[in-house]
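User: I am new to this structure and would like a short tour of it. Could you show it to me first?

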Amino acid sequence: MDPSALRQEYAQASLDHEDLREDPMEQFAFWFEQTCNADLLEPNAMTLSTADLRGRVSSRTVLLKAYDAEGLVFYTNYESGKAQQIGENNQVSLCFPWLALQRQVIICGRAEKVSTATSLKYFLSRPHGSQLGAWVSQQSAVISSRSLLETKLNEMKQKFKEGQVPLPDFWGGFRVRPETIEFWQGRPSRLHDRFRYSKKAGAQWGIERLSP
């Protein structure tokens, strides 16, 4: 299949300055609710891009698990590749590819660990299997076979068969505090609508229209 022959005209909607909320997280909440109501697969999936001190960039899909005026939260193993890169360079980028709505949101900012209490609250809300999985996986480490994971899972099932599964000390959340947030709406002839919020002095945000 020749990818250069693939074409999709974007004509579902438009985005104008007067459509935007003054606060970008309020605008994000509005679009996120619309995305959830559109019954898309994993509407909270976002591409997280990180870079190490040498500037080598890595990207992967993670799931948004909370957001508020302070930023957006995801959870991971603190010994994973992504967490190691954040430890070296906490500037990250998030991208929500809501292609079915011909939209995307791009967020750049600083990542920081959430409190242990916040991580624990979320961890206890996870399905039992996901709780065990956090203990099983040495995320990003090289393993020789899947059977190692299955053996470790059986060990964890026995270890924690009585009572709650505790929060691992190597697992928790990161909050991305936005510095810029771009809202992108596809338009015909590739003349898309793009608006970028940028953090100004204090708690103020400026809004600029970008050329597509």
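**Pockets, strands and helices**

Analyst: The lining of the second largest pocket holds 6 nonpolar and 6 charged residues, with no polar ones. Please keep in mind that this is a predicted model.

User: How much space lies in the second largest pocket?

Analyst: The second largest pocket encloses about 240 Å³ of space. Two elements, α1 (24–37) and β7, each give two or more residues to its lining.

User: Which element gives the largest share of that lining?

Analyst: That is β7, which supplies 3 residues, the largest share of the lining of the second largest pocket. The lining residues include R177, P178 and E179, and among the others are D23, K199 and W205.

User: And what is the volume of the largest pocket?

Analyst: The largest pocket has a volume of about 400 Å³. Its lining consists of 19 residues, and those nearest its centre are Y75, T76, R126, Q139 and W171.

User: How do the residues of that lining divide into nonpolar, polar and charged?

Analyst: In the largest pocket, 7 lining residues are nonpolar, 8 are polar and 4 are charged. Elements that each contribute at least two residues to this lining are β2 (57–63), β4 and α4 (128–136).

User: Let us turn to β4. Is strand β4 largely enclosed or left open?

Analyst: Strand β4 covers residues 71–77, and 7 of its 7 residues are buried, so the rest of the structure largely encloses it.

User: Which strands does β4 pair with?

Analyst: One partner is strand β3 (residues 66–68), which pairs with β4 in the antiparallel sense over 3 bridges. Another is strand β7 (residues 171–185), also antiparallel to β4, over 6 bridges.

User: What joins β3 to β4?

Analyst: A hairpin makes the connection through 2 residues. Within the β3 and β4 pair, A66 is opposite V73. On the β7 side, Y75 has G173 as its bridge partner. Y75 is also among the residues nearest the centre of the largest pocket.

User: Now the helices. Which residues of α3 are buried?

Analyst: In helix α3 (residues 116–125), the buried residues are S119, Y122 and F123. Viewed down the axis of α3, they fall within an arc of 105°, so they line one face of the helix. A117, K121 and S125 are exposed on the other side of α3.

User: What covers the buried residues of α3?

Analyst: The covering elements include β4, α4 and β7.

User: Which residues are buried in α2?

Analyst: Helix α2 (residues 81–88) has K82, A83, Q85 and I86 buried. Down the axis of α2, these buried residues fall within an arc of 160°, so they too line one face of their helix. They pack against β1 (45–51), β2, β4, β5 (91–98), β6 (103–113) and β7.

User: One last topic, the backbone. What is phi for D39?

Analyst: Phi of D39 is near 60°, a positive value in a residue that is not glycine. As background, most residues other than glycine have a negative phi.

User: Where is D39 found, and is it buried or exposed?

Analyst: D39 is in the loop between α1 and β1. With a relative accessible area of 69%, D39 is exposed.

User: And what about phi of S140?

Analyst: S140 is not a glycine either, yet its phi is positive, about 80°. S140 lies in the loop between α4 and α5 (146–159). Its relative accessible area is 57%, so S140 is exposed.

How values were computed. Residues are numbered from 1 along each chain as its sequence is written. This is a predicted model: local features need pLDDT of at least 70, side-chain atom pairs count only at pLDDT 80 or more; totals for chains, interfaces and linings use all residues. Side-chain values use heavy atoms; hydrogens and water are left out. Buried means under 20% relative accessible area, exposed over 50%, partly exposed in between (1.4 Å probe, protein chains only). Helices (H or I, at least four residues) and strands (E, at least two) are DSSP runs, numbered from the N terminus. Two strands pair if DSSP finds at least two bridges between them. On a 1 Å grid over the protein atoms alone, a cavity is a set of points where a 1.4 Å probe fits but cannot get out, and a pocket is an open set with protein on both sides within 12 Å along at least five of seven lines; lining residues have an atom within 4 Å of a point. Grid points are joined across faces, edges and corners, and a volume is the space filled by probe spheres set on the points. Ala, Val, Leu, Ile, Met, Phe, Trp, Tyr, Cys and Pro count as nonpolar, Asp, Glu, Lys and Arg as charged, and the others, Gly among them, as polar. The arc is that of the directions from the helix axis to the C-beta atoms. Contact means heavy atoms within 4.5 Å.
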